[in-house]
Amino acid sequence: MPQQSQIEYFHGFGQSTGADAYVFAPETPEQILEVFELARSLGKSVSFAGARRSYGSPMMTSEGLVISLRNFDTIGPIEDDSVLVGGGVTLSQLWQAVAPLGYWPNVVSGTSKITVAGAIAMNIHGKNAFKLGNIGEHVSEISLVSPAQQGRDLDAIGSMGLFGAIVSARLDLQRIESASVSVTARAPRTWGEHLQLFDEFASQSDYMVSWVDLHHRAGRGLFHAAEYSNSGSPLTARQSRESPLFGVVPRDQAWLMLKALNNPALTKGLNAAKYLSGKILAGNKAHAQTLAEFNFLLDALPGWERAYANGLVQFQAFVPSERAESVFVELQDLQFRHRIVSSLGVLKKHRASPQVLPYAVYGYSLALDFGKTRGLELLCQEMAEAVIAGGGRFYLAKDSTLTADQYQRSLPDGAFAEFRQLKQKYDPENILQSIQSRHLGLT
Ligand SMILES: Cc1cc2nc3c(=O)[nH]c(=O)nc-3n(C[C@H](O)[C@H](O)[C@H](O)COP(=O)(O)OP(=O)(O)OC[C@H]3O[C@@H](n4cnc5c(N)ncnc54)[C@H](O)[C@@H]3O)c2cc1C
């Protein structure tokens, strides 16, 4: 039998949903099949856990069996600008292995602390989603171990662990000349100016992202566009800042400082200070950052999520271009009306990307962070209605508040039926389930 741990309590990144489960760490595909067999005999469900960086509960099943593929951790040689990696390899391990050879993964998320399998199962996007789409478009091969069949199957892209175990995958890489990007900053004063900047910079940029001050009615913020640089930092696996913050605070202790500052009045002041300081620097000539610093900004403050004492909820809406501004303004109005205003808002530009249960659209996403508080669930549900009315969609890696009805209404016609067909093909006995998949009526 595969290695078995004691019953373990774990939670998603938002720390607000948790469950007990038996966690297995198989070493071979056969041992994964043995866990499926054990689940059948016990009448239990199985879920897969990567690095547990999703905010809610797609990686856990209560009192069931959880499979971790942490032992599938090999990184193969680069061939034809692609690499075969085990599902348990983290993006951090991957970029550190390929950057010194002059390569960078085509799509990475805002944290590098996730696994390749978790990235594919959720079909992650990066700050270059407007240009390269989601990670699934850069995966040419997947080795999948399912309850009903085994083989190579790209159907697993975006399947949220509900079709089988992603044991390994071949990812396309891009060549880089240096580990630097050249970053241009602007300080948009309104929602409309943010969206105009995304359009203006799209053709000349490799990455774009905008921070929004939700406490400011007009939606001011800071926009950043980055281009790969031919010169700059050498191609090394060490690209991040490790020095203490302000010269004295160890980075892994910085969350204690953030926790002390984390109340609505101070958050409003901090947002204003961030805008004003950024505005002074914006418009000056472009500055250089390493690829890791630019892409994985929050990794520089390990444990920052613990600054939210009662847990962290993220609401992320994907809205088609023509409705994006009006829907985002409506989401902000709802926050003011409920007197619960997001502490951190981030905008990105996207294009549609194929997958089962798609979430990306030709348009924009707005990610809103909230400390868990009374009334938040109702606010999120009202915001979800505004998004659905605007033809928008949701990304389940971030969700913990949608109802099944809302999620299913947000899907394009036929997507749910197609999911059901594939579920029947890979897992006809419905062994693979998560708390989230049950809550949303997917399993
Ligand atoms: C600070 C932060 C920033 C983020 N930024 C972004 C961003 O910019 N863009 C973005 O798209 N996402 C972003 N995310 C979300 C994150 O990238 C996704 O939630 C990702 O799926 C997490 O991967 P994981 O390895 O932690 O997987 P988990 O969260 O543990 O699991 C995610 C899903 O993958 C499934 N899974 C895990 N392993 C396997 C396997 N071996 N086989 C089959 N299924 C499996 C799980 O069952 C689950 O459904 C961010 C998260 C954080 C915390």
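**View 1. How much of the chain is buried.** Of the 443 residues in the chain, 49% count as buried; a residue is buried if 20 or more other C-beta atoms, placed from the backbone, lie within 10 Å of its own, exposed if 12 or fewer, and partly exposed in between. This is a predicted model, in which local features need pLDDT of at least 70, side-chain atom pairs count only at pLDDT 80 or more, and totals for chains, interfaces and linings use all residues. Residues are numbered from 1 along each chain as its sequence is written. The radius of gyration is 21 Å, which agrees with the value near 22 Å for a compact globule of 443 residues (taken over C-alpha atoms; the globule rule is 2.2 Å times the number of residues to the power 0.38). Along its principal axes, the C-alpha trace spans about 65 × 50 × 45 Å.

**View 2. The shell around the ligand.** Here 33 residues surround the ligand, and the closest are Gly50, Gly110, Ala117, Gly118 and Gly161; a residue is near if its C-beta atom, placed from the backbone, lies within 6 Å of the molecule. Helix α3 (116–122) gives the most, with five residues, while β3 (46–49) and β10 (165–175) each supply at least two. Helices (H or I, at least four residues) and strands (E, at least two) are DSSP runs, numbered from the N terminus.

**View 3. An open sheet of eight strands.** The strand order is β14-β11-β13-β12-β16-β17-β15-β18, with antiparallel pairing; two strands pair if DSSP finds at least two bridges between them. β14 (287–290) and β18 (393–394) stand at the edges with a single partner strand each, so one side of each has no neighbour in the sheet. Look inside the sheet and you will find six bridges joining β11 (residues 180–186) to β13 (residues 221–228). One bridge partner to look for in β13 is Phe223, opposite Arg186.

**View 4. Helix α7 and what follows.** The 18 residues of α7 (residues 264–281) should span 26 Å at 1.5 Å a residue, and the end C-alpha atoms are indeed 26 Å apart; the expected span is 1.5 Å times one less than the number of residues. Just after α7, Gly283 takes a positive phi of about 90°.

**View 5. Ser140 in strand β8.** Ser140 lies in β8 (residues 139–145) and is partly exposed, with 14 other C-beta atoms within 10 Å. Leaving aside residues up to four places away in sequence, Ser140 touches Ser82, Arg170 and Asp172; contact requires C-beta atoms, placed from the backbone, within 7 Å.

Note on methods
Two residues are in contact if their C-beta atoms, placed from the backbone, lie within 7 Å.
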